[in-house]
Each structure stands twice: as C-alpha cells, then as structure tokens.
Amino acid sequence: MADIDFNTGDSGASSTIPMQCSALRKNGFVMLKGRPCKIVEMTTSKTGKHGHAKVHLTGLDIFTQKKYEDICPSTHNMDVPHVSRKDYQVIDITDGFLTLMDDGGDTREDLRVPTGDLGKEIEKKFSNGEQFMATVMKAINEEQVVGTKVLT
C-alpha cells in the first residue's frame with residue numbers, strides 16, 4: 001500500500017462530452033477528425049429509403065483555423081470539447097514565451113507567442129509599452145493565445 005503516489009494525477013474527467021448530432025448548433029464546438037472545431041456550417045439531409053437523416057458539419061479548428069468536414073447520422077453522438085477562455089495580462093516576452101498574469105496575481109510562463117499576425121501584433125504592442133490582455137483558449141489539454149484586447 002505504501003508504493004501508491006497520490007501527489008499527482010487528474011480528476012479523470014473527460015475533456016469531451018457526447019451530444020447527439022441533431023442537437024449541435026452553428027457557432028458551437030465539436031470534435032472533427034480528433035480536433036476541437038467551431039461549427040461554421042451545418043446542413044441536414046432528408047432521410048433516405050432505408051436510413052437516417054445525415055448531418056453535414058463544417059468546422060474550423062479553434063487553434064489552427066484549418067477547415068474540417070464530417071458527415072454523421074443525426075441520431076448518432078458526436079464529442080463536444082470543453083472549451084474555456086481566460087484573459088491574462090501580458091507582463092513580459094522572453095525567448096518566444098509569454099509571461100502572463102491572471103486576475104488573482106498568479107503568473108505563468110508556459111505559453112509561446114503565437115505565430116502569424118497575432119504574434120507580430122503582441123510583440124509590437126509589447127515593444128511599444130502598451131498595457132494589454134491576451135485571451136487564452138483551452139480545449140483537450142491544449143492551450144493557445146487567440147486574441148488580444150486593451151487593458152481597461
């Protein structure tokens with residue numbers, strides 16, 4: 001009994017929940033091809049002679065903006081990821097990593113400056129000495145800065 005370590009571990013909660021295809025809505029989130037996506041288009045076909053109504057889903061990956069499509073029967077379940085957003089104040093940028101502070105004053109230094117235009121915008125704002133917030137989105141044990149806003 002002494003060799004069991006209870007110091008680390010997670011709650012065992014799933015990072016997704018099942019939801020019936022017909023209950024999904026546009027602008028909601030769904031797992032397509034194993035990636036968390038925001039639904040941008042959704043069409044339902046009529047039932048055939050021997051079958052189910054089909055739902056055609058088109059979604060954009062919430063982290064890479066890559067387009068994914070899937071077709072599933074409306075009665076089947078699809079996984080819906082738990083997606084959370086949190087705003088942090090940007091304190092510093094070191095070696096391509098952001099130093100962020102949340103509302104409680106806790107800091108974290110484990111997120112990279114995003115690539116592309118958003119990363120350039122963050123570095124420009126920081127070098128100009130602006131005070132601003134970075135919005136961090138989290139889903140399926142993956143986190144990324146997805147936007148900025150002016151600190152009020």
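Here are four short exercises, with worked solutions, on the predicted model shown above.

**Exercise 1. Work out what the protein is built from and how spread out it is.**

Start by counting the elements: there is one helix, along with 11 strands. Next, put them in sequence order, and you get β-β-β-β-β-β-β-β-β-α-β-β. Now turn to the overall spread. The radius of gyration is 20 Å, while the globule rule gives 15 Å for 152 residues. The value for the protein is well over the rule, so the protein is more spread out than a compact globule. You can also look at the box that the C-alpha atoms fill, which is roughly 65 × 55 × 25 Å along the principal axes. Finally, check burial: 32% of the 152 residues are buried.

**Exercise 2. Find the strand order of the five-stranded open sheet, then pick out its edges.**

Read across the sheet and the order is 9-8-7-10-11, with antiparallel pairing. Then look at the ends of that order. Strand 9 (107-112) and strand 11 (142-150) each have a single partner strand, so one side of each is left without a neighbour in the sheet. As a last step, consider the twist: ignoring direction, neighbouring strands here are turned by 45° against each other on average.

**Exercise 3. Describe how strand 7 and strand 10 pair, and say what packs on the sheet.**

Take the pair first. Strand 7 (residues 84-94) runs antiparallel to strand 10 (residues 132-139), and six bridges link them. For one bridge to look at, try Tyr88, whose partner in strand 10 is Ala134. Now add the helix: helix 1 (residues 117-127) packs on this sheet and touches strand 7, strand 8 (97-101), strand 10 and strand 11. Its direction makes about 50° with that of strand 11.

**Exercise 4. Which residues of helix 1 are buried, and which exposed residues sit on the face turned away from them?**

Use the cut-offs: buried means under 20% relative accessible area, and exposed means over 50%. By that test, the buried residues of helix 1 are Leu118, Gly119, Ile122 and Lys125. These residues cover an arc of only 130° around the axis, so they lie on the same side of helix 1. What do they pack against? The buried residues of helix 1 meet strand 7, strand 8, strand 10 and strand 11. Then flip to the face turned away from the buried side, where you'll find the exposed residues Asp117, Lys120, Lys124 and Ser127. To finish, step just past the end of helix 1: Gly129 takes a positive phi of about 80° there.

Notes
Residues are numbered from 1 along each chain as its sequence is written. This is a predicted model: local features need pLDDT of at least 70, side-chain atom pairs count only at pLDDT 80 or more; totals for chains, interfaces and linings use all residues. Side-chain values use heavy atoms; hydrogens and water are left out. Two strands pair if DSSP finds at least two bridges between them. Helices (H or I, at least four residues) and strands (E, at least two) are DSSP runs, numbered from the N terminus. Axes are lines fitted to C-alpha atoms, for helices over the stretch in contact, and angles run from 0 to 180 degrees between N-to-C directions. Contact means heavy atoms within 4.5 Å. The radius of gyration is taken over C-alpha atoms; the globule rule is 2.2 Å times the number of residues to the power 0.38. Buried means under 20% relative accessible area, exposed over 50%, partly exposed in between (1.4 Å probe, protein chains only). The arc is that of the directions from the helix axis to the C-beta atoms.
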